[in-house]
Amino acid sequence: MTETNIIEMTGVEKRFGTFTAVSDLSLSLREGEFFSLLGPSGCGKTTALRMIAGFQEPTDGRVTIDGQDMQGIAANKRPTNMVFQSYAIFPHLDVGDNVAYGLRNRGLKKAEIENRVSEALEMVELGGLQRRRANELSGGQRQRVALARALVMRPKVLLLDEPLSALDKKLREQMQFEMRRLQRNLGITFVMVTHDQYEAMTMSDRIGVMFDGKLVQVDSPETLYAKPCNREVASFIGEMNFLPAQVSARQENSLTVTTTCFENLKIETNPNVRQGYGDILVGIRPEQIEIAAKQPDGYDATFRGDVVNVAFYGENVHYHVRVEGLDRPVSASVPNYFHMVDFREGDSVWLGVQSASVIDLGENEPS
Amino acid sequence: MKLAFGLQTYAFFYLGFLYLPVLFLPLFSFNDGTIVAFPIKGWTLEWYRQLGSQDTLIQALVNSLLVGAVSAMLSTAMGLFAARAYVRYRFRGKRISEGLVMLPLVVPGIIVASSMLVLFISMGLKPSLTAVILGHTFLALPFAVAIMKSAFDDFDVSLEEAALDLGSTVLETFRRVTLPIVAPGIVSSLLVTFTVSFDEFVLAFFLSGNEPTLPVYIWSQIRFPAKLPNTLALGSLLLLASVLLLVIAEFFRRRSSKSLV
Ligand SMILES: Nc1ncnc2c1ncn2[C@@H]1O[C@H](COP(=O)(O)OP(=O)(O)O)[C@@H](O)[C@H]1O
Ligand SMILES: [Mg+2]
């Protein structure tokens, strides 16, 4: 992956009347990366994507693509192509004509168009379906046609608006891998909008998390999961147990914290949060909590609780454990190694965590 | 059960009251006699045969076809753009303008006709087919707008955006994507607006001057009892044509909403 930026957004804002859909968005996308904009529905992801595509002009700020300022450049003149949420397959054209649509605008020779269309259809595994009518396609096939129609243009950037949200679960997972493979092979920059955290994490090199029109954190999936920049991000991506904590000492790269569950535990500071002076919030991922009948050895902190709920997911088991002094039960998830559920509701258990699993989430703002 | 039966009876009489008189028209057009009264004397196609040899009638038919075709095209073109704007955009005065477009449906024809006559004459436009075309375009516009609105209602905006995204200009997008997709709606609107114009009497009577359209011609012939069976035959043909056109129009309108799944 080279270090040139294919898209630069600086201070981009979009207002609809008095409503601000996107505010002060600054973002650099690297050439050849798979980037996702992740956030709950209505947070302004699509609007951000449409400003890159040229369907909406920013109210303020600047978008450059490949070093060129896009101000006043219409969608049909931009080196981007889009896969729409509804796929927008032209209903009056067959598959071949749908895919050839953009190439015809470029006035290419007939033979070349045919070659590129069949190449693109092969690529999305719809080889030979040129004469299939648009209304005879399944959901998955429509998605592939939309992908082929955009990729055949060889755009510098491919924009995808919730491309998998209309598919059922199995197909969606299969397409995640296929799109990832396509992106790798072609080396085209993909910018995908999604509200599905798993989709974003399995496919992307980097993820930008948005809430209420603001870009909150941009990082690799691993970093987002391990070092979220605040409570909102931490709870949107994966599951998280939150504990209010008092800070008894601050060192350069660590904090000593005390919570209801443990005392004076030394944890790493999180570089993604703003360091303050007051009490903080810490987070622990459920799969990083050990659950045992007896006090477990080798953990930096152990505490007791009572199982109040057991949820069996197949690949793992979630235990909700009530701990004295906490409003909400602690959630611990255990892989299903031996096809056994070890604890039942009402069992008294021990929980254990390592200090490395306790994530500093910065100052504890009331939420 | 009882209520359903009552409703059925009501519907039966209602439809009978509505359509029975209309059915007398074709019935008596085959009657071998000039008096319109039962019993029917015998069956004949004579009245239909005579139609072909009446020059003024043929001229009126040509006038009507011309007026119908031109006003259908004008009102459909206007309806197409108006409907696209109504469905796609929010703008100041949209509600009022949508209401105004539908006004010809409720304003009494005689009022529209007399005010148009006054207006056209004051503008120096003598009663003529041109004046009728303008009047009929105005009258047919609500139908065109309503039909085209339903065509655009089912139209996914991102289809036009996809065309732009793939490099089409705004005009190309309209020609290669918008038009073909709403084409069934356009055909349906053309047929309906043509029928509206073709059957219209009051405006045509006021505005046609000495170039009568078919309904005006029929009216002028009704005064001659000897010509009555001819008029009945002509009326029956008109009826048949209108029904056919509307059925075809409905077929296209339905197709337009189906093709966009
Ligand atoms: N054309 C528009 N006019 C007015 N409000 C809009 C328009 N487009 C989007 N919005 C509003 O902007 C907000 C963000 O929309 P969107 O970008 O589509 O969110 P997301 O894709 O994250 O679900 C929403 O509240 C939406 O109602
Ligand atoms: Mg969206």
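**Legends to the close-up views**

**View 1. R144(A) is a buried residue, its relative accessible area being 9%.** Buried denotes a relative accessible area under 20%, exposed one over 50%, and partly exposed the range in between, with a 1.4 Å probe and protein chains only. The model is predicted: local features require pLDDT of at least 70 and side-chain atom pairs pLDDT 80 or more, whereas totals for chains, interfaces and linings draw on all residues. Residues are numbered from 1 along each chain as its sequence is written, chains are lettered from A and ligands numbered from 1 in the order of writing, and side-chain values use heavy atoms, without hydrogens or water. R144(A) belongs to helix α4 (residues 139-151) of chain A; helices (H or I, at least four residues) and strands (E, at least two) are DSSP runs numbered from the N terminus. Leaving out residues up to four places away in sequence, R144(A) touches V124(A), E125(A), L126(A), Q174(A), M175(A) and E178(A), where contact means heavy atoms within 4.5 Å.

**View 2. Chain A contains 8 helices and 20 strands.** Its C-alpha atoms occupy a box of roughly 75 × 50 × 40 Å along the principal axes. Chain A has 367 residues, of which 53% count as buried. Where contacting residues of chain A are at least 6 apart in sequence, 66% of the contacts join residues at least 24 apart.

**View 3. Chain B meets chain A through 21 residues on each chain.** The two chains bury about 1800 Å² between them, with 55% of this area on carbon and sulfur atoms; buried area is the accessible area (1.4 Å probe) lost when two parts are put together, summed over both. D165(B), L166(B) and R176(B) contribute 40% of the area that chain B buries against chain A, more than any other three residues. For the complex, the predictor gives an ipTM of 0.86 and a pTM of 0.83.

**View 4. One salt bridge, between E161(B) and R50(A), spans the interface.** The closest N and O atoms of this pair lie 2.7 Å apart; the rule requires a side-chain nitrogen of Lys or Arg within 4 Å of a carboxyl oxygen of Asp or Glu. Also across the interface are 12 residue pairs in polar contact, both residues at pLDDT 80 or more. A polar contact is a pair of N or O atoms within 3.5 Å; within protein, one must be able to donate a hydrogen and the other to accept it, and residues adjacent in sequence count only if both atoms are side-chain atoms. On the side of chain B that touches chain A, α7 (157-165) and α8 (170-199) of chain B each supply at least two residues. The greatest contribution to this side comes from α7(B), with 7 residues.

**View 5. Q221(B) is buried, at 10% relative accessibility.** This residue is part of helix α10 (residues 214-221) of chain B. The side chains of Q221(B) and S220(B) make a polar contact (3.5 Å). Apart from neighbours within four places in sequence, Q221(B) is in contact with K227(B) and T231(B).

**View 6. L23(B) is exposed, at 52% relative accessibility.** L23(B) is located in helix α1 (residues 2-29) of chain B. Between L23(B) and S236(B), 213 residues apart in sequence, the C-alpha to C-alpha distance is 8.9 Å.
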